[in-house]
Amino acid sequence: VQLQASGGGLVQAGGSLRLSCAASGSRFSINAMGWYRQAPGKQRELVATLSVGGSTYYADSVKGRFTISGDSAAKRVFLQMDSLQPEDAAVYYCNAWGTGPGFHSGPYWGQGTEVTVSS
């Protein structure tokens, strides 16, 4: 399974970005997808997750500002980020969990897309 993330960039504080992630693997069924981020000198942290049943989870730091959405059949997940703040700057990674013949359950990781927020 390969994941390709995109949509990062430079934005002013208070602005918005929409990240996208697409997973490949026609025989791999998605159970959940999510977004993590890692700022320089910090550990990777969970941002949001979306399960195939529609359940979502958000880190406290992004609640009310970020929205995760997606289509498990299309193996795509999105992260709408509004009211961005400098502390949101990081490399954002998508991941996926699932099942399929010959696959382990995951997580599988994308390559990351960088978000920079200017103050």
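Two strands are said to pair if DSSP finds at least two bridges between them. In this predicted model, strand 2 (residues 9-12) and strand 11 are joined by four bridges and run parallel. One of the residues involved is Gly9, whose bridge partner in strand 11 is Val115.

## Strand 11 and its neighbours

Strand 11 also has a partner in strand 9: three bridges join the two, and here the direction is antiparallel. Tyr92 stands opposite Thr113 of strand 11.

Which side chains of strand 11 are buried, and which are not? The side chains alternate along the strand. Thr113, Val115 and Val117 point to one face and are buried. Glu114, Thr116 and Ser118 point to the other face and are not buried.

## The nonpolar core

The largest nonpolar core contains 31 residues, and those with the most contacts inside it are Trp35, Leu79, Met81 and Tyr92. The elements that give two or more residues to this core include strand 1 (3-6), strand 3 (17-23), strand 4 (29-38) and strand 5 (45-51). Strand 7 (66-71), strand 8 (76-81), strand 9 (90-99) and strand 11 (113-118) also give two or more residues each.

Tyr92 shows how these parts meet. With residues up to four places away in sequence left out, Tyr92 touches Leu19, Trp35, Tyr36, Arg37, Val47, Phe66, Leu79, Met81, Gly112, Thr113 and Val115. Among these neighbours are Trp35, Leu79 and Met81, which are listed with Tyr92 as the residues with the most contacts inside the core.

## An open sheet of four strands

Four strands form an open sheet in the order 1-3-8-7, with antiparallel pairing. Strand 1 and strand 7 are the edge strands, as each pairs on one side only. From one strand to the next, the twist averages 15 degrees. Within this sheet, six bridges join strand 3 to strand 8, which run antiparallel. Ala22 stands opposite Arg76 of strand 8.

Ser69 belongs to the edge strand 7. Its relative accessibility is 28%, so Ser69 counts as partly exposed. Apart from neighbours within four places in sequence, Ser69 is in contact with Arg18, Leu50, Arg76, Val77 and Phe78. Ser69 and Thr56 are 13 residues apart in sequence, and their C-alpha atoms are 8.6 Å apart in space.

## Aromatic pairs

A pair of aromatic rings is described by the distance of the centres and the angle of the planes. A search of the whole structure finds three aromatic pairs. Two of them are described here.

The rings of Phe28 and Phe103 have centres 5.3 Å apart and planes at 65 degrees, so this pair is edge-to-face. Phe28 lies in the loop between strand 3 and strand 4, and Phe103 in the loop between strand 9 and strand 10 (108-109), so the pair ties together parts that are 75 residues apart in sequence. Phe28, Phe103 and Tyr108 form one aromatic cluster.

The rings of Tyr36 and Trp109 have centres 5.0 Å apart and planes at 70 degrees, so this pair is edge-to-face. The pair links distant parts of the chain, with Tyr36 in strand 4 and Trp109 in strand 10, 73 residues apart.

Are the members of these pairs buried or partly exposed? The table gives the value for each residue.

| Residue | Relative accessible area | Class |
|---|---|---|
| Phe28 | 1% | buried |
| Phe103 | 28% | partly exposed |
| Tyr36 | 21% | partly exposed |
| Trp109 | 34% | partly exposed |

The cut-off explains the classes: a residue is buried under 20% relative accessible area, so Tyr36 at 21% counts as partly exposed.

## Arg44 and Asn95

Two rings lie under the charged end of Arg44. This charged end sits over the ring of Tyr93, 3.8 Å from its centre. It also sits over the ring of Trp109, 4.7 Å from its centre.

Trp109 is also a neighbour of Asn95, a residue of strand 9. Asn95 has a relative accessible area of 3%, and is therefore buried. Not counting residues up to four places away in sequence, Asn95 touches Leu3, Ala32, Met33, Gly34, Tyr36, Pro107, Tyr108 and Trp109. Both members of the Tyr36 and Trp109 pair are thus among the residues that Asn95 touches.

Definitions and conventions: Residues are numbered from 1 along each chain as its sequence is written. This is a predicted model: local features need pLDDT of at least 70, side-chain atom pairs count only at pLDDT 80 or more; totals for chains, interfaces and linings use all residues. Side-chain values use heavy atoms; hydrogens and water are left out. A nonpolar core is a set of buried Ala, Val, Leu, Ile, Met, Phe, Trp, Tyr and Cys residues joined through side-chain atoms within 4.5 Å. Buried means under 20% relative accessible area, exposed over 50%, partly exposed in between (1.4 Å probe, protein chains only). Contact means heavy atoms within 4.5 Å. Rings of Phe, Tyr and Trp (its six-membered ring) pair if their centres lie within 6.5 Å; planes under 30 degrees apart count as stacked, over 60 as edge-to-face and the rest as tilted. A charge sits over a ring if NZ of Lys or CZ of Arg is within 6 Å of the ring centre and within 35 degrees of the ring normal. Axes are lines fitted to C-alpha atoms, for helices over the stretch in contact, and angles run from 0 to 180 degrees between N-to-C directions.
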